[in-house]
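Visitor: Please show me the model, and let me ask how each of the terms applied to it is justified.

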Amino acid sequence: MIQLNGLTAGYSGKPVVRDISLDFLPGEVLVLLGPNGSGKSTLLKAALGLLPLMGGQVLYDGVDIRRMNRRQVAQKAAFLTQSRNTPSILALRMVLHGRFPYLSYPRRYGERDYQIAREAMEHTGCRDYEHTNVGELSGGQRQSVYLAMALAQQTETVFMDEPTTYLDISRQLQIMQTARALARQGKAVVLVLHDLSLALREADRLAVCEQGRLVLCGTPEEVYESGALDRAFEVRVHRMDTPHGPQYYCTQSKE
């Protein structure tokens, strides 16, 4: 389990997130929500040790991340980043990069590494183009490859920074189905999303950030009832009960 205790972090000596305490729990999908610039991506990077801490602690199973090397962190947490270059590489070779934390230099993939990579591609629906160059794939197909790479890392925690951006509805739902499947396997899944209705419908817990601080963390029902999303995004969030469960939509706050 990863725990943030009073975490403060930022860039060039200037804090972006301040005094955040939050646990990422096994078997749970937690979604970070907040307006642009509220510190969500910075929070993920600090939790992964990609930014130096200005205060507080990040604990991996009780061990301070500052006592861990990059390889040890990578064996505990995978990161699907928001933006990436598109390398000229076959999809299978890209997914195999997820095995790097378990290989010594020079890296030589074994039969087990190929098996894990192909299983991850099967899981994310991209096995059919394992021999296709990543640059020739659509945005949604590339996202499936990058997600497979994260799964091939076989970590206890998976961080995803805006994984549904630019994807069509079907692919967005597929990403969330994958997140829920990983949680059922006992993994902690942490996502940054901008789609409030998707987050309210699919998450186990929501963490609402505003101006670099955590203003509320709770179940979707608790967060909805609190009005924290209305205040943070300056909208009105509405709920409708349907045969498929509660559905949410937003309107301008003055409507």
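Visitor: How do you know that β7 and β8 pair, and in which sense?
Guide: Two strands are said to pair if DSSP finds at least two bridges between them; β7 and β8 share five bridges in the parallel sense, and therefore they satisfy that requirement. Within this ladder, D161 stands opposite V192 in β8. Strands here are DSSP runs of E with at least two residues, helices are runs of H or I with at least four, and both are numbered from the N terminus.

Visitor: What kind of model are these statements drawn from, and how are its residues numbered?
Guide: It is a predicted model, in which local features need pLDDT of at least 70, side-chain atom pairs count only at pLDDT 80 or more, and totals for chains, interfaces and linings use all residues. Residues are numbered from 1 along each chain as its sequence is written, and side-chain values use heavy atoms, with hydrogens and water left out.

Visitor: What is the predictor's confidence in the protein chain?
Guide: The pLDDT, which is the predictor's confidence in each residue on a scale from 0 to 100, averages 94 over the protein chain, and 99% of the residues score at least 70. Among the elements, β3 has the highest mean, 98, and strand β12 (residues 245-252) the lowest, 91.

Visitor: What makes β7, α6 and β8 a unit of a particular hand, and which hand is it?
Guide: A crossover is right-handed if, with the strands pointing away from the viewer, the path from the first strand over the helix to the second runs clockwise. The β-α-β unit made by β7, α6 and β8 is right-handed.

Visitor: Why is strand β8 (residues 188-192) called mostly covered?
Guide: A residue is buried when its relative accessible area, computed with a 1.4 Å probe on protein chains only, is under 20%; over 50% it is exposed, and in between it is partly exposed. In β8, five of five residues are buried, with A188, V190 and V192 on one side and V189 and L191 on the other. Strand β3 (residues 28-33) also pairs with β8, in the parallel sense over five bridges, and V31 has L191 as its bridge partner there.

Visitor: What makes a group of residues a nonpolar core, and which residues have the most contacts inside the largest one?
Guide: Such a core is a set of buried Ala, Val, Leu, Ile, Met, Phe, Trp, Tyr and Cys residues joined through side-chain atoms within 4.5 Å. The largest has 52 residues, with V31, V145 and L191 making the most contacts inside it, and helix α5 (residues 139-152) supplies its largest share, seven residues. Apart from it lies another core, of 27 residues, among them V17, V58, A77 and F159. In soluble globular proteins, nonpolar side chains tend to be buried together.

Visitor: Which residues does V31 touch, beyond those up to four places away in sequence?
Guide: With contact meaning heavy atoms within 4.5 Å, V31 touches L191, L193, A199, A203, R205, L206 and A207.

Visitor: How do you know whether H238 is buried or exposed, and what does its side chain meet?
Guide: H238, in strand β11, has a relative accessible area of 19% and is therefore buried. A polar contact is a pair of N or O atoms within 3.5 Å, where within protein one atom must be able to donate a hydrogen and the other to accept it, and residues adjacent in sequence count only if both atoms are side-chain atoms. The side chains of H238 and T251 make such a contact at 2.9 Å. The C-alpha atoms of H238 and Y248, ten residues apart along the chain, are separated by 5.5 Å.

Visitor: What sets E162 and E234 apart in backbone angle, and is each buried or exposed?
Guide: Most residues other than glycine have a negative phi, and most peptide bonds are trans. E162 nevertheless has a positive phi of about 50 degrees, and E234 has one of about 55 degrees. E162 has a relative accessible area of 13% and so is buried, whereas E234, at 61%, counts as exposed.

Visitor: Which form does the peptide bond from Y105 to P106 take, cis or trans?
Guide: That bond is cis, with omega near -5 degrees, and P106 lies in the loop between α3 (91-96) and α4 (111-124).
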